[in-house]
Structures are given as structure tokens and as C-alpha cells.
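Here is a friendly briefing to keep beside you as you look over the model. Take a moment with the sequence and the structure first, then read on.

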Amino acid sequence: MNEVDSGSGTPDAVEVAADAVRRLTAAILESRVRGVATPDVSEKISVLADRLEAVAAHPRECVTGKIGTHEGALQRSPVSGPKNPVAIPLRFEQCDDGSSLAHTEFPRQYQGPPGLVHGGVSGLVLDVAMAVANSAAGRAGVTAEMTLRYLRPTPLYTEVTVRGRHVRVEGRKTWSQGTLEVDGETTVVCDGLFITKELAL
Ligand SMILES: CCCCCCCC(=O)SCCNC(=O)CCNC(=O)[C@H](O)C(C)(C)COP(=O)(O)OP(=O)(O)OC[C@H]1O[C@@H](n2cnc3c(N)ncnc32)[C@H](O)[C@@H]1OP(=O)(O)O
């Protein structure tokens, strides 16, 4: 089994910052619940955001790329990206049969119903799990359709196994399937249709 696009292994400054923002996000949510956020903290966070915005590249400069190459895409992905503060982040491995595999726990910021993972977040994660499996099969493309079946609730702060597999191909179309599992039981199944396409950005 190989880790997919895992980078150097040593977190760089952006990854350390992204991780701190993740902790901040969870803490902000909790402090709102407990009513302990102070104007002093809010002001400090705003000052930091202003400072970073002033030196950051224009967002448009960061979005070039081509579907199929995924140069650094997984590292900046909203699901798997250690450099993306909104990512969980999820570390995908490529199994010998070409399927993708990851293990994670969803923290508070991905909550839908109380104590449970938001259904849209499950879909987001499974989209990428399938895309990783498709890429390994040389079938990178864009998502055209996803059908999600929520069989059981997926709890927060519990180990979740994420799987994606490439199912079949017909012309430009690729069918794939992704699952979330908790304690060996499938909680969500997603069937996806992907269309091979080169994106010129
Ligand atoms: C590794 C990390 C990667 C992360 C990737 C994450 C994946 C994503 O989030 S992708 C973003 C979300 N998806 C998109 O934005 C896609 C937007 N849609 C499109 O670009 C286009 O509609 C696209 C490419 C799907 C199809 O357009 P186009 O290239 O013109 O193809 P088109 O000729 O219409 O259709 C090709 C075939 O697909 C079928 N098809 C197209 N769209 C659909 C659909 N939504 N449902 C079912 N079938 C479809 C067509 O019927 C046609 O079939 P056939 O060949 O049998 O006639």
C-alpha cells in the first residue's frame, strides 16, 4: 500500500499554520457554545488575517492545473490537503487492487445532526476517495453524478474508514463507488459517474 501525494513527510510552515487554523476553528465553535469568545481574541484573529491577506498571492494564481496531473492537488484539497485549513485532512493510501483507503475521525466542525457527520461532508469525502481511485486507474475526470445512500448515522470523533474504488469504464465515462464504514459496518455508500475531461484553467 502506498500513501498518495504525501509530500515530504515533514510539515512545512503552511501545513503547521493550516493545522493551527483547524484547531482554532474547532475552538471557536466550542467557545461559541460555552460563550467564552472574547473581543480580544476576535481582534487578534482579525489582525492576523489582515496580515496574511496583505502578503498572500492572488487566489487566481493558485488555481492553475490540469485534471489528471493533480500536481499538489491532494495537498491543497478541501478533503485531504494538509495545506488547506478546511481539510480534515485525510491521508489516502492506494491499495494493491487500485482502491483508495483512508482512516479518520471527523471533528466538531463537520457536524450535521447533533453528534453526527453532516451528509454533505460525507459526499465531499467520498467524491475525493473515488477520484483518487480513478486517478490510479488512469481515469481522472470530473464528477457528473453522485448518488448517496445514508444507511446508518456516521458519528463524530469515531474512527471512520473511507474507501473508493473504480468500478467500470465506457468511453469517457467512469463509474466508481465509495463507502464510509464505522466498526466494520457501512454507514454511507456513494455511486459516482465521472467524465474524462481536460480542464484548461
Ligand atoms: C485527486 C483530487 C481530485 C478531486 C476531484 C474532485 C471531483 C470534482 O469535484 S469535479 C467538480 C464537479 N464537477 C463538475 O464541475 C463537472 C461539471 N460538468 C461538466 O463539466 C460537464 O457537464 C461534463 C464534463 C460532466 C460533461 O460535459 P461534456 O464534456 O460536454 O460531455 P457530454 O458530451 O455532454 O457527455 C459525455 C457523456 O457523459 C454523459 N453525461 C454527461 N453529464 C452527465 C450527467 N450529469 N449525468 C449522467 N451522464 C452524463 C452524457 O450523456 C454523454 O454520454 P454518451 O457519451 O453516452 O452520450
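Helices (H or I, at least four residues) and strands (E, at least two) are DSSP runs, numbered from the N terminus. With that in hand, Glu181 can be placed in strand E6. Please keep in mind that this is a predicted model, where local features need pLDDT of at least 70, side-chain atom pairs count only at pLDDT 80 or more, and totals for chains, interfaces and linings use all residues. Residues are numbered from 1 along each chain as its sequence is written, and side-chain values use heavy atoms, with hydrogens and water left out.

**The chain as a whole**

- The protein chain holds four helices and seven strands, and along the sequence they follow the pattern β-α-α-α-β-β-α-β-β-β-β.
- Of the 201 residues in the protein chain, 33% are buried; buried means under 20% relative accessible area, exposed over 50% and partly exposed in between, using a 1.4 Å probe and protein chains only.
- About 11900 Å² of the protein chain is exposed, and carbon and sulfur atoms supply 55% of that area; accessible areas come from the Shrake-Rupley method with a 1.4 Å probe, and for residues only the protein chains shown count as cover.
- Among contacts between residues at least 6 apart in sequence, 65% join residues at least 24 apart, where contact means heavy atoms within 4.5 Å.

**The sheet and the helix across it**

- Seven strands form an open sheet in the order E1-E2-E3-E5-E6-E7-E4, with antiparallel pairing; two strands pair if DSSP finds at least two bridges between them.
- Strand E1 (2-3) and strand E4 (142-150) stand at the edges with a single partner strand each, so one side of each has no neighbour in the sheet.
- Strand E3 (residues 100-104) pairs with strand E5 (residues 160-170) over five bridges in the antiparallel sense, and Thr104 stands opposite Val160 in E5.
- Helix H4 (residues 119-136) lies across E2, E3, E4, E5, E6 and E7, running at about 50° to E5; axes are lines fitted to C-alpha atoms, for helices over the stretch in contact, and angles run from 0 to 180 degrees between N-to-C directions.

**Two buried charged-type side chains to look up: Glu181 and Arg108**

- Glu181 counts as buried because its relative accessibility is 15%.
- The side chain of Glu181 makes a polar contact with the side chain of Arg163 at 2.9 Å; a polar contact is a pair of N or O atoms within 3.5 Å, and within protein one must be able to donate a hydrogen and the other to accept it, while residues adjacent in sequence count only if both atoms are side-chain atoms.
- Leaving aside residues up to four places away in sequence, Glu181 touches Glu159, Val160, Thr161, Arg163, Thr186 and Thr187.
- Arg108 sits in the loop between E3 and H4 and is buried, with a relative accessible area of 16%.
- Arg108 and Ala27 are 81 residues apart along the chain, and their C-alpha atoms are separated by 9.4 Å.

**Around the ligand**

- The ligand is surrounded by 13 residues, of which the closest are Thr143, Ala144, Glu145, Arg172 and Lys173; a residue is near a molecule or strand if one of its heavy atoms lies within 4 Å of it.
- An N or O atom in the side chain of Asp127 is 3.2 Å from an oxygen atom of the ligand.
- A polar backbone atom of Ala144 lies 3.0 Å from a nitrogen atom of the ligand.
- A polar side-chain atom of Lys197 is 3.2 Å from an oxygen atom of the ligand.
- On its own the ligand has 1200 Å² of accessible area, and the protein covers 49% of it.
- H4, E4 and E7 are the elements that give two or more residues to the shell around the ligand, and E4 provides the largest share, four residues.
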